[in-house]
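Q: I'm new to this one. Can you walk me through it?

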Amino acid sequence: MLLVLGLDCAPPALVFDRLSAHLPVIGALRARGTYGALRSTVPPITMPAWACMVSGRDPGELGIYGFRNRVPGSRALRVATADDVRVPRVWDVLGAAGRRSAALYVPPTWPPREIANGTMVSCLLTPGSDAAHTWPPSLGAELEARFGPHTPDVPHGSASESEHSDDALIDALHDAATQHFDVAEHVLATQRPDLLMMVEMGTDRLHHAMWPALDPSDPRHDPSSPQVRDARDFYAFLDARIGRLIERAGRDVTVMLVSDHGARPLRGGVYLNEWLRREGWLVLRREPDAPCSIEHADVDWARTRAWAEGGYFARVVLNVKERFPEGAIEPRDEASALDALEHALGSMRDEHGRAMRNRVVRPSREYRAANGTPPDLMVFLDDLDRRALGEVGTGRVFAGPDEAGASRGRGADGCNHDWDGMFVLAGPEVPRAGRVEGASIHDVGVSALRLCDVDVPEGWLGEDLRRLR
């Protein structure tokens, strides 16, 4: 049997080094198997990363370029869901081969789909506990009767700014994770799948709320803060629950612990639409009364050649005629405009006049295909040290870490995403290779199929992790 356990946003330096003394179960897996950094997708964002991990496809082939994607022919955005994954995933391949699978809380699995010989419990996208969230549908009532209302993510507001916000978040993380592992143990006992894959989002929520407590390299780190203990104890709690699940799976279980991307200190932000205004790419009819999103700004689209969508990275879109209403760039000039903008973004200088380490990516070159509505450019500002901020009317281009972390309208955010997640693989057929290098997120799906003795479909990205020495 194979257990694939996901800890969203868990970086190798945290799991293997800084918290290793508090994670004896994970340490024992490392000692008898192989482990290392797991290079994420471009971009290293939850929705494309998990989807690519289990489908053998890259973000462009899936047409999932972030948590939200543009509506075709529009400047509006919508959240990516399971409906955007139109290719078989690991559990589908296993089902076709007669194997049993359980996919629990794996993004994106809402709305839930039928799994041949399988079970599904949907992910953080589930709009509410009353929404259909399982396959088979009857499973939802059974799980609620045993474990309470479906809670795939911490309730909104648990991390809101208040006197007790830290305690409320920690309590909510423990409650949600307890339900997730209880459900996993129940599914394991009642279904006995060949593959059980579960993703725990609590680590991601913890990092975004309390990253300075977990990382001494963060300038805001305070070793005396109660958050240091709380964050460490949550990881220790997860380690114990992982151990309990492994014990219930039996002696011959193979375990793969994975994360979709890492985390790093948030060192600032760039109001990229303000930079585009300064460089003559974006034009407003009038200055807003207060900083606002570009959706609420009075944009002169007929004179605007490009705009940006903010987030952990920037998605920059050219305003090309025939693609958008009031397009400002003739189709014949699109290639030269893209070259010029790519060069300008790659040559950006920071508030001190120093060259920035921007990584500028063209989806048309990065992926095997660029389906859906890709941005024209993806920009990783200072190689993910800084976040892309989408507001206009700020009167400046650069922001400090506290301002950058608060600009998303969800309270303080303590970290940015990083390129490397992590993996640990241990089991009867896994060599004791120790720490290795060169693993890719695409290797997880391939390894899962081969560990289940099922052929990998043609065209899948990735290789077996056991090849690494």
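A short chat about a sheet, a helix and some aromatic rings follows.

Q: Before we start, what kind of model is this?
A: It is a predicted model.

Q: OK, the open sheet. In what order do the four strands come?
A: The order is S12-S13-S15-S14. The pairing is antiparallel.

Q: Which strands stand at the edges?
A: Strand S12 (306–309) and strand S14 (359–361) do. Each has a single partner strand, so one side of each is left without a neighbour in the sheet.

Q: How are neighbouring strands turned against each other?
A: By 25° on average, ignoring direction.

Q: Back to S14. How many bridges join S14 to S15?
A: Three. Strand S15 covers residues 377–380, and the two run antiparallel. Within S15, phenylalanine 380 stands opposite arginine 359.

Q: What lies across S12, S13, S14 and S15?
A: Helix H11, residues 334–346. H11 runs at about 150° to S13, which spans 314–318.

Q: New topic: helix H2. Which of its residues are buried?
A: H2 spans residues 24–31, and its buried residues are Ile26, Leu29 and Arg30.

Q: Why do they line one face of the helix?
A: Seen down the axis of H2, the buried residues fall within an arc of 100°, so they line one face. There is a general rule here too. An α-helix has 3.6 residues a turn, so residues three or four places apart point the same way.

Q: And which residues are exposed on the other side of H2?
A: Pro24 and Ala31.

Q: What do the buried residues of H2 pack against?
A: Two helices and three strands are listed here: helix H1 (12–18), helix H9 (226–249), strand S2 (34–39), strand S9 (254–258) and strand S19 (420–426).

Q: Now the rings. How many aromatic pairs does the structure hold?
A: Seven. One pair is tryptophan 301 with tryptophan 307. The pair is edge-to-face, at 5.2 Å centre to centre, with 80° between the planes.

Q: Are those two tryptophans buried or exposed?
A: Tryptophan 301 is buried, because its relative accessible area is 14%, under the 20% cut-off. Tryptophan 307 is buried as well, at 2%.

Q: Which residues form the aromatic cluster?
A: Trp301, Trp307 and Phe324 form one cluster.

Q: Where does the charged end of arginine 75 sit?
A: Over the ring of tryptophan 301, 3.7 Å from its centre. Arginine 75 also lies over the face of tryptophan 307, at 5.4 Å from the ring centre.

Methods: Residues numbered from 1 in each chain as written. Predicted model: local features only at pLDDT ≥ 70, side-chain atom pairs only at ≥ 80, totals over all residues. Heavy atoms only, no water. Pairing = 2+ DSSP bridges. Axes fitted to C-alpha atoms, helices over the stretch in contact; angles between N-to-C directions. Contact = heavy atoms within 4.5 Å. Buried < 20%, exposed > 50% of the residue type's maximum accessible area, 1.4 Å probe, protein only. Arc of directions from axis to C-beta. Phe/Tyr/Trp six-rings, centres within 6.5 Å; stacked < 30°, edge-to-face > 60°. Lys NZ or Arg CZ within 6 Å of the ring centre and 35° of its normal.
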